[in-house]
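Reader: Could you take me through this model at the level of residues, with the cut-offs behind each term?

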Amino acid sequence: MAEFRMPSLGADMEAGTLVQWLVKPGDRVQRGQVIAVVETQKGAIDVESFEGGVVEALLVEPGTEVPVGTTLARLHDDGDARPVATPVVAAPAATSTPAPASTATARVSPRARKRASELGVDVHALVGTGPDGAITTDDVERAAGSKPSPADGMRQAIAAAMSRSKREIPHYYLWHAIDLEPALQWMEAGNERLPIAARLLPAVLLLRAVAVAVKQLPEFGSAWVDGRAVPPAGIHLGFAVSLRTGGLVNPAIHDCERGTLADLMERLRDVTARARAGGLRASEYADGVLTVTSLGELGTTGVLGVIHPPQTAIVGFGAITPRAWVVGDAVVPRRVVEVSLSADHRVTDGVRGAAFLRTIERALQHPEDL
Amino acid sequence: MTADTTKAAILTLLGRITPDSDLSQLRGDVPLRDELEIDSMDFLNLLIAVAGELHVEIPERDYGKVLSLDALVAYVDARRPRAG
């Protein structure tokens, strides 16, 4: 017997609304399968089951807001021969307020979902015109006739998390200029031989270098919970994705130290696309052990980030910028990036932080080993 | 086939990448990253789409030559395969 509960998708999440069931009693589910869609302040999230088995009962109706930890469904083992119990909630097809089947795979961008909430539009009733049928803000506004409202759940969620961080976490800050020329030349030489769809971006090298550093100094991936540091379950790096029209999310990319750089590039591409179109999974919201942010796209040379509780650290990258750099006795042109570390002084000290940044630098001097 | 059709095709691809943007207000001579707040992943995805649909694969060393819509249209239009 297993219970499927409303997950916590952030330190400040207290409740969520079940939007839709994607299974019905009697269905067999695999571990990791998405079985429900939950609405939070950060938008709609696909929630996976952490257990495999057969759905015995759905306990919460779509449209219901429940506290984090509430049991949403019961599953029993595959081998358990017991019949499916009479469900408290009928299968989606039999409920009085069923969600149209066509919404099972519909994607709604977080901005569109926010607008729909503001305008009182039911996104399930819309036909999307975005990529792969995604529902866009235009679709929502067309359906509503559009009257703006001050409600902004995502802004409030960011405000709550960042305020808590600055209230509770004693940050310290370090930064380090890194000569990125060897890594970029290595990447560009490789990209020259690859079709465009297989080319790497510098962000992938930076992400992998941070993963190497977390592997060597795992305290920077720990979480501060109940007065002690809890080691990371894996090197799952949160990657800050701006939503272009306001707000940001930090989806986790799991096991960033594993696989080839091409594989990591694909996972980064996938997570970024789903963060913007809607369709992140609960585990991607909840599993990040350290956040990586980059503001270099617009020319910002450095960023000192605010830690996402309960994480211990955030690593920031600025723009990759050509600079005069001293190598031996010569001044040479090099492409340089400023990397920063904001870290929790309850968990780590500055000397360890300096070693962490040095480890990132060393990893980037040997890109062939990344 | 003209530069106008190339521009229309590229705007369609851009619309898929930034579905929430109003492309009618796009200034052609300003870098797309500034106009649409697209990042390097969006930009690469755009160039992948250009390669797939318009059959012009832009090498990484030329990325700096195609930063604005006008520059991208001119680059692609000059290299686009023509029927016959």
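Author: A salt bridge here is a side-chain nitrogen of Lys or Arg within 4 Å of a carboxyl oxygen of Asp or Glu. This is a predicted model, in which local features need pLDDT of at least 70 and side-chain atom pairs count only at pLDDT 80 or more, while totals for chains, interfaces and linings use all residues. Residues are numbered from 1 along each chain as its sequence is written, chains are lettered from A in the order in which they are written, and side-chain values use heavy atoms, with hydrogens and water left out.

Reader: Which residue of chain A meets B:Arg61 in a salt bridge?

Author: The rule finds five salt bridges across the interface of chain A and chain B. Helix H4 (181–192) and helix H6 (261–277) are the elements that give two or more residues to the side of chain A that touches chain B, helices being DSSP runs of H or I with at least four residues and strands runs of E with at least two, numbered from the N terminus. In one salt bridge, at 2.4 Å from N to O, the side chain of B:Arg61 meets that of A:Glu192.

Reader: What area is buried between chain A and chain B?

Author: Taking contact as heavy atoms within 4.5 Å, 23 residues of chain A touch 25 residues of chain B. Buried area is the accessible area (1.4 Å probe) that the two parts lose on being put together, summed over both. Carbon and sulfur atoms give 50% of the total, which is about 2,000 Å².

Reader: Which helix gives the largest share of the largest nonpolar core?

Author: A nonpolar core is a set of buried Ala, Val, Leu, Ile, Met, Phe, Trp, Tyr and Cys residues joined through side-chain atoms within 4.5 Å, where buried means under 20% relative accessible area, exposed over 50% and partly exposed in between (1.4 Å probe, protein chains only). The largest such core has 101 residues, and A:Val210 and A:Leu290 are among those with the most contacts inside it. Its largest share, nine residues, comes from chain A's helix H5 (202–216).

Reader: Is A:Asp226 buried or exposed?

Author: A:Asp226 has a positive phi, near 50°, in a residue other than glycine. This residue is found in the loop between strand E10 (223–225) and strand E11 (228–230) of chain A. Because its relative accessibility is 78%, A:Asp226 counts as exposed.
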